[in-house]
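Hi,

Here is the structure I promised to send over. Have a look first, and then read on for what turned up in it.

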Amino acid sequence: AAIPGAPFTITRDGGFTGNFFNVGSGGDLTLENVALDGNKDIVNVDASLVLVENGGKLTLGGGAALKDNFVQRISNGGAVYVDGGTLTMQDGSSISKNAGHYGGGVYLAVGSSFNMLGGSISGNDARLGGGGVYLDNRSVNPTIFTMQGGSITDNKADGNGGGVCVRGKGKQFVMTGGAITGNSADEMLSYYACGGGVYVDGGATMSMSGAAQIGGSGTGEGNEAFRNGGGVYVTDTGSSFNMTGGKIIGNK
């Protein structure tokens, strides 16, 4: 049944600088028809909109929007910081116009998982790596990002991985559907700015199949890297990329 007054918006003010929601171990939070607005033009903080701790679960359903949160200094995950828990995005959800040190939209710490079934991650900005999504490299424990649908578009990293940055042994990006388009990796240091769409290093793995697409033939659909790997960049011993389907097209 429809909820009177929906959709709702919760907006950060100058007096509150923490997470809007903290999903603890065993917690299970579903957000629908609500926007969490970080109000970044007015407030800069050191906290993501949502923190998902080890054993916690966050589902972004239809009408859930996490937007406009600016995580300053060296904090990570502009919208969501997943610290060993699980994030799921469904159709009609969005993460947009957030900023962080690593992971402008989503930061996945060691042992986390992210299931993207639909929705969009767009217009986010990372000051180092992973404009849209960043997988942490601080341990060999597995961290898995599975993208079955939705889109990662128009994100930017002042470093590596404009759309997605996957780093370290045990880190996996499995892309079976959806699209990664219009992202950019720009120059900050001479050895950065690789992987406009996706950056893979340190023994991490990526697989691509089905209807997955990186880039596109339309205006603004291609990803771009200032240095190497407009679509996908893979480096370091032990890193791998296995493509059995999908398209990589129109990147620069």
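A question to start with: which residue in β20 stands opposite Leu135? Val166 does.

Before the rest, two notes on the source. This is a predicted model, where local features need pLDDT of at least 70, side-chain atom pairs count only at pLDDT 80 or more, and totals for chains, interfaces and linings use all residues. Residues are numbered from 1 along each chain as its sequence is written, and side-chain values use heavy atoms, with hydrogens and water left out.

**The overall picture**

The chain has zero helices and 30 strands (helices, H or I, of at least four residues and strands, E, of at least two are DSSP runs, numbered from the N terminus). Its C-alpha atoms fill a box of roughly 50 × 40 × 35 Å along the principal axes. The radius of gyration is 17 Å, which agrees with the value near 18 Å for a compact globule of 252 residues (taken over C-alpha atoms; the globule rule is 2.2 Å times the number of residues to the power 0.38). Of the 252 residues, 52% are buried (buried means under 20% relative accessible area, exposed over 50%, and partly exposed in between, with a 1.4 Å probe and protein chains only). Among contacts with a separation of 6 or more, 85% are between residues 24 or more positions apart (a contact is heavy atoms within 4.5 Å).

**Strands and sheets**

One open sheet is built from eight strands in the order β3-β6-β9-β13-β17-β21-β25-β29, with parallel pairing (two strands pair if DSSP finds at least two bridges between them). At its edges are β3 (28–31) and β29 (240–243), each pairing on one side only. On average, neighbouring strands here are turned by 10° against each other, direction ignored (axes are lines fitted to C-alpha atoms, and angles run from 0 to 180 degrees between N-to-C directions). Within this sheet, β6 (residues 57–60) and β9 (residues 86–89) run parallel and are joined by four bridges, and Leu60 stands opposite Met89 in β9.

Back to the strands of the opening question: β16 (residues 133–135) pairs with β20 in the parallel sense over three bridges. β20 also pairs with β24, again in the parallel sense, over four bridges. There, Val164 has Val198 in β24 as its bridge partner.

**Cores**

Val198 turns up again in the largest nonpolar core, which has 42 residues; Leu66, Val80, Phe114, Val133, Phe145, Phe173 and Val198 touch the most other members (such a core is a set of buried Ala, Val, Leu, Ile, Met, Phe, Trp, Tyr and Cys residues joined through side-chain atoms within 4.5 Å). Beyond its neighbours within four places in sequence, Val198 is in contact with residues including Val164, Phe173, Ile214 and Tyr233. Another core, of 11 residues, lies apart from the largest one, and Ala109, Leu128, Tyr134 and Tyr199 are among its members. In soluble globular proteins, nonpolar side chains tend to be buried together.

**Salt bridges**

There are four salt bridges (a side-chain nitrogen of Lys or Arg within 4 Å of a carboxyl oxygen of Asp or Glu). Which residue does Arg167 form a salt bridge with? The partner is Asp201, with the closest N and O atoms 3.2 Å apart. Arg167 lies in β20 (residues 164–167) and Asp201 in β24 (residues 198–201), so this pair ties together parts that are 34 residues apart in sequence. Arg167 is partly exposed at 23% relative accessibility, whereas Asp201 is buried at 5%.

Arg138 pairs with Asp136 at 2.5 Å between the closest N and O atoms. Arg138 is exposed at 59%, while Asp136 is buried at 2%. For Asp158 and Lys156, the closest N and O atoms are 3.7 Å apart, and Lys156 is partly exposed at 31%. Salt bridges with shared partners join Lys156, Asp158 and Asp186 into one network.

**Two more residues**

Thr153 sits in strand β18 (residues 151–153) and is buried at 16% relative accessibility. Leaving out residues up to four places away in sequence, Thr153 touches Ile121, Ser122, Gly123, Thr181 and Asn183.

Asn242 is in strand β29 and is partly exposed at 47%. Outside its neighbours within four places in sequence, Asn242 is in contact with Met206, Ser207 and Met208.

Cheers
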